[in-house]
Amino acid sequence: MTRTSLRLREGAIKLLLQGCALLSIVVTLGIVWVLFTQSIPFFRHVAATEFLFGTRWAPLLTPQSFGILPLLCGTTLIAGGALLLAIPIGVATAVYLSEYAPPAVRQVAKPVLEVLAGVPTVVFGYFALLFVTPYVLRPLFPSTEIFNAASAAIVVAIMVIPTISSLCDDALRAVPRSLREAGFALAATRLEVSTRVVLPAAMSGVVASVLLAFARAIGETMAVSIAAGASPTLTLNPLRSVQTMTAYIVQVAKGDAPADSVEYDSIFAVGLVLFLMTFLINVAAQRVLARFREAYE
Amino acid sequence: MSAGAALRESAVPQRTTLAPGQTPDADVVEPIVRVDQLTIRYGDFEAIKRVCLDIPPRRVTAIIGPSGCGKSSLLRAMNRMNDFVPGVRVEGAVIFNGQNVYAAECDPVELRRRVGMVFQRPNPFPKSIFRNVAWAAQMNGYRGDINELVEQSLRRAALWDEVKDKLSLSALALSGGQQQRLCIARAIALQPEVLLMDEPCSALDPIATARIEDLIDQLKSQYTVVLVTHNMQQAARVSDRTAFMYMGELVEVDQTNLIFTRPGNPRTQDYITGRFG
Amino acid sequence: MSAAPALFQPRLAQRRLLGACFHGLCLLITLVGVFVLFLLLALVFRIGWKYLTWALLTNEPSFLNPAEGGIRIALIGSVLLVLVAAVVAVPVGVGAAVYLEEYARKTRLNQLIQLNIANLAGVPSIVYGMLGLAIFVRWLRFDRSVLSGGLTLAILIVPVVIIASREALAAVPNSIRHAALALGATRWQMIRHHVLPAALPGILTGVILSVSRAIGEAAPLIVIGAAAFIMPGGGVDTASLFGWARWLREALLAAGFTALPIQIFDWSMETDPEFQDLAGSAIIVLLGTLLSMNALAVGIRAWQQGGKTR
């Protein structure tokens with residue numbers, strides 16, 4: 001091969017690879033474009049203020065009503081409940097793995113958590129419906145409905161625990177050894193070093209992990225579709241059936257709404273809200289994470 | 001102000017037999033720390049071999065030797081910071097105030113309150129200057145006025161005048177030399193009896209080094225200082241006694257002026273004249 | 001100032017006890033994760049054991065009689081979907097990773113790309129379904145086909161492939177790069193002959209894990225409209241290569257498909273508990289596949305780490 005053709009080939013390959021990387025930007029722009037343009041027909045029928053501030057979501061009844069607050073409420077109820085459970089468990093697991101566990105235990109526990117993270121969400125929904133509700137919730141609270149927010153929150157918590165524990169573990173382990181040594185040399189116990197030196201030093205990493213877990217919980221679809229049901233209710237009672245934004249999209253996609261109907265268009269409006277929420281949370285998480293990396297890497 | 005770290009009356013343990021070839025530490029009558037036939041292994045590697053050493057109270061004892069000679073291992077054995085190294089095995093004893101620190105009934109947390117440590121690189125917590133000094137004292141149930149303790153400790157570490165107006169600022173905003181003095185202040189806030197210093201100036205510039213050396217000189221009126229250094233001039237400048245280690249063995253220990261003028265062992269002679277190291 | 005010891009009340013016993021309790025609590029909580037996984041597997045096996053037969057794999061789904069229901073079409077659907085997704089996502093993902101790790105300087109654009117990839121990894125999967133619905137189903141008119149679904153899954157897993165591949169590439173020591181460049185290799189020759197082979201086990205692990213994510217995804221496929229149970233193209237003319245190709249083309253483009261997780265979802269939502277049992281059997285098949293892929297990934301990683309220490 002001559003030198004010119006070699007250089008041409010090098011340039012072409014670089015361009016090709018750069019194209020692959022740029023595709024990711026195209027995808028993001030594509031998502032934004034699709035969600036905006038496809039929800040325009042919906043907003044021709046429903047005023048944006050009614051959509052954002054309305055307290056009744058009833059696309060299948062007459063008269064139709066498209067106030068997203070019940071869906072937002074269902075989503076936050078489940079995602080918030082899940083975090084309430086998952087934060088202490090995930091952080092404690094990370095502290096144990098990073099500060100206490102002997103290497104052998106670590107080597108077993110990490111893959112198990114990875115497997116847990118890889119279980120499809122539809123399986124967790126099945127677990128919620130066939131185990132959590134009948135065998136855990138109903139014996140404790142007989143008034144629990146078959147589909148309920150609590151069972152969904154519990155399985156979503158199980159799903160995001162690996163997210164929190166693995167990212168927190170990374171953050172804790174990035175804290176320099178010298179800080180731990182300083183703590184021990186100042187007559188601190190392991191508990192005090194872990195919770196009052198290492199954990200505060202890794203706090204931004206912990207916060208980032210929680211934010212990412214929150215975004216995941218908000219976007220979680222299959223488990224909540226199975227476990228929480230399909231009744232958009234403006235309630236904070238976790239034992240009642242609620243509908244999340246994601247579950248609503250599934251409900252419409254599964255149903256037989258004609259492609260040009262308002263309820264079909266509405267899924268793009270709901271998707272837009274969902275995307276914007278998770279996007280903002282993710283950007284915040286990346287910011288916090290960048291600051292953490294700056295401090296320790 | 002009366003003596004800060006008052007020594008405890010303690011039964012002086014019986015002198016144990018020394019390894020062959022070792023000079024008995026005759027001029028240390030009442031050691032505060034006695035290292036007795038100490039052997040430390042990391043896996044198969046023997047870092048310290050049957051070392052005996054007496055540390056006299058309220059003096060500065062320097063431990064010198066080429067890198068890898070085991071001087072840091074010896075120092076870290078005195079407050080059991082070696083415990084955190086995986087695969088470490090310790091034989092022999094370190095007697096502190098009449099008690100073997102490796103005995104089962106010795107609580108390492110209590111030991112480390114009374115035997116403080118300053119590290120090679122300044123390692124302040126990412127907290128405020130005040131919290132850095134107050135943290136350990138509060139945790140260990142300090143009963144006096146904490147503001148007073150912080151001021152006193154910072155004064156003793158010759159840092160007070162530089163930081164008194166910014167106690168609530170992050171310790172990470174200080175310069176390297178200031179950070180190291182903060183670490184010393186933090187260590188003496190616990191009123192330890194012994195202060196272990198592991199090459200405390202190796203990450204600092206000459207001016208900061210000079211300040212720390214002055215500080216060490218002042219500290220010995222109240223504390224027992226054990227200083228590990230690879231810098232012979234530093235040992236000569238600040239220490240009263242010097243121990244020379246080589247390949248995990250304690251070659252020689254004596255008064256500093258004697259070690260540097262009339263070393264008893266040819267290997268010490270070679271090292272201090274710069275023939276190896 | 002009085003004597004030092006009286007100044008402190010370290011309450012050692014109390015702190016030691018507290019420390020031991022905390023240690024125990026953290027260990028217990030960590031075991032919760034293991035316990036839940038065990039519980040999940042136990043439950044699924046207890047329920048799904050009943051219909052776990054050979055017929056489950058070969059039967060077509062039945063809405064009338066659960067005992068005759070099977071997952072053959074769902075299995076074929078899943079295999080084809082994952083094939084399409086992997087064929088598209090792996091080259092693009094690895095290519096982007098190579099660019100970011102080996103070529104990209106720290107420009108604004110490249111930092112934006114990296115931030116964007118991290119964000120894409122956090123976009124809910126159902127949003128990708130809406131993207132696929134608008135782009136592949138409606139705009140490119142691929143209809144509600146395996147091709148649309150596979151391409152959607154490809155977009156979904158590309159960020160995962162990129163992130164995993166970048167990690168693998170970053171782990172390749174710089175000395176290998178310097179050695180190759182010093183011998184007069186061009187940048188691409190260096191990457192092609194030295195860096196990629198060294199990073200291959202890590203990339204492979206990442207690819208396996210992202211593909212297993214695609215296998216378990218249901219939400220984006222449901223949005224695209226996977227629901228109809230239509231067997232693509234009748235039978236296969238297995239005798240000729242041409243027959244296979246024609247079948248494949250029809251299978252990829254036929255309107256309507258299903259996949260294993262969707263089948264599980266549908267059966268779970270049936271009111272007849274027999275169908276829920278059947279869903280349990282399908283879950284065993286799905287989890288079995290994923291667990292063996294996971295084991296494969298763990299195995300590759302262990303083999304690679306063993307090679308490093310040797």
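These exercises work through the helices, sheets and contacts of a predicted model.

Residues count from 1 along each chain as its sequence is written, and chains are lettered from A, ligands numbered from 1, in the order in which they are written. Local features need pLDDT of at least 70 and side-chain atom pairs count only at pLDDT 80 or more, while totals for chains, interfaces and linings use all residues.

**Exercise 1. Describe the makeup of chain A.**

Step 1. Take the elements, which are DSSP runs numbered from the N terminus (helices H or I, at least four residues; strands E, at least two). Chain A has 12 helices and two strands. From the N terminus they run α-α-β-β-α-α-α-α-α-α-α-α-α-α.

Step 2. Take the extent. The C-alpha trace of chain A spans about 75 × 70 × 35 Å along its principal axes.

Step 3. Take burial (buried: 20 or more other C-beta atoms within 10 Å of a residue's own; exposed: 12 or fewer; partly exposed: in between; C-beta atoms placed from the backbone). Of the 297 residues of chain A, 57% are buried.

**Exercise 2. Check the length and setting of helix α9 of chain A.**

Step 1. The expected span is 1.5 Å times one less than the number of residues. For the 17 residues of α9(A), 203–219, that gives 24 Å. The end C-alpha atoms lie 25 Å apart, which agrees.

Step 2. Of those 17 residues, 15 are buried, so α9(A) is largely enclosed by the rest of the structure.

**Exercise 3. Characterise the side of chain C that touches chain A.**

Step 1. Count contacts (C-beta atoms, placed from the backbone, within 7 Å). On chain C, 70 residues are in contact with 68 residues of chain A.

Step 2. Find the main contributor. Helix α2 of chain C (residues 12–48) gives the largest share of this side, 19 residues.

Step 3. Sort by class (nonpolar: Ala, Val, Leu, Ile, Met, Phe, Trp, Tyr, Cys and Pro; charged: Asp, Glu, Lys and Arg; polar: the others, Gly among them). This side of chain C has 51 nonpolar, 16 polar and three charged residues.

**Exercise 4. Set out the two sheets of chain B.**

Step 1. Strands pair if DSSP finds at least two bridges between them. An open sheet of four strands runs β2-β1-β4-β5 in chain B, with antiparallel pairing. Its edges are β2 (45–55) and β5 (99–100), each pairing on one side only.

Step 2. Look inside that sheet. Seven bridges join β1(B), residues 33–42, to the antiparallel β2(B). I40(B) stands opposite I48(B) of β2(B).

Step 3. An open sheet of six strands has the order β6-β7-β8-β3-β9-β10 in chain B, with mixed pairing. Its edge strands are β6 (115–118) and β10 (249–255).

Step 4. Look inside again. β3(B), residues 60–64, and β8(B), residues 224–228, run parallel and share four bridges. I63(B) has V228(B) as its bridge partner.

**Exercise 5. Compare R80(B) and A158(B).**

Step 1. Take the backbone. R80(B) is not a glycine, yet has a positive phi of about 55 degrees. A158(B), also not a glycine, has a positive phi of about 55 degrees.

Step 2. Place them. R80(B) sits in the loop between α1 (71–77) and β4 (88–96) of chain B. A158(B) sits in the loop between α4 and α5 (160–163) of chain B.

Step 3. Judge burial. R80(B) is buried, with 21 other C-beta atoms within 10 Å. A158(B) has 17 C-beta neighbours inside 10 Å, so it counts as partly exposed.

Methods. Two residues are in contact if their C-beta atoms, placed from the backbone, lie within 7 Å.
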